[in-house]
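Visitor: I'd like a close look at one small part of this model, with its charged side chains in focus. Could you walk me through it?

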Amino acid sequence: MAVQVAVCGPAQCGESERALAYEVGRLLAERGAVVICGGHGGVMAAVAAGARSREGVVVGVLPGADRTGAGPDLSVAIATGLGQARNSVIVHSGDAVVVIGGSWGTLSELALAMRRGGVPVVQLGDGWRLVDADGREVRGVRYARTPAEALDATGLWP
């Protein structure tokens, strides 16, 4: 079975996040991984476009009850009717979770991935920095500066 990587990020993002997501998608496709994302705009659209640029497979897990608004670069669009609860489906479907940027939905995905446990969670670029009450970074989240570092941080490829 192919490696599956969940890529999470906001529907509204800047050019730097878009570029990071596109490159993550491209690199994942080159490594033969299936990309799982939320299936709409922003980071989700960019990671899908990057993967499809290399003939990769992209699964979009949509919040609505139908495929309305599904991104054009998805290979498969799954309509869940779950709203934001679909975030749990996304993070539980990956062998690793890569988080790009920050929004409330992205924070929920990051939290769900950490609560899930057992899979690497990598924050790429500027986004959420989780700290404890003493201001120390919360253990468990791996941080990366580049898409290649993010994929290496998953430990999925030797």
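Visitor: Let's start with Arg-26: is it buried or exposed? And which partners does Arg-26 pair up with?

Guide: Keep in mind that this is a predicted model. Arg-26 is buried, because its relative accessible area is 17% and the cut-off for buried is under 20%. Now for the partners. Looking back along the chain, Arg-26 makes a salt bridge with Glu-23, and the closest N and O atoms sit 2.5 Å apart. Both belong to helix α1, which covers residues 15-30, and a spacing of 3 residues puts about one helical turn between them. Glu-23 itself comes out as partly exposed, at 25% relative accessibility.

Looking the other way, Arg-26 also forms a salt bridge with Glu-30, with 2.4 Å between the closest N and O atoms. Here the spacing is 4 residues within helix α1, again about one helical turn. Glu-30 is partly exposed too, with a relative accessible area of 46%.

Move along to Arg-31 and you'll find a salt bridge to Asp-152, where the closest N and O atoms are 3.7 Å apart. That pair ties together distant parts of the chain: Arg-31 lies in the loop between α1 and β2, Asp-152 lies in helix α5, and 121 residues separate them. Arg-31 is partly exposed, at 32% relative accessibility.

Back to your arginine: through shared partners, salt bridges connect Glu-23, Arg-26, Glu-30 and Arg-54 in one network. For the wider picture, the whole structure has 9 salt bridges.

Key: Residues numbered from 1 in each chain as written. Predicted model: local features only at pLDDT ≥ 70, side-chain atom pairs only at ≥ 80, totals over all residues. Heavy atoms only, no water. Salt bridge = Lys/Arg side-chain N within 4 Å of Asp/Glu carboxyl O. Helix = DSSP H or I, 4+ residues; strand = E, 2+ residues; numbered from the N terminus. Buried < 20%, exposed > 50% of the residue type's maximum accessible area, 1.4 Å probe, protein only.
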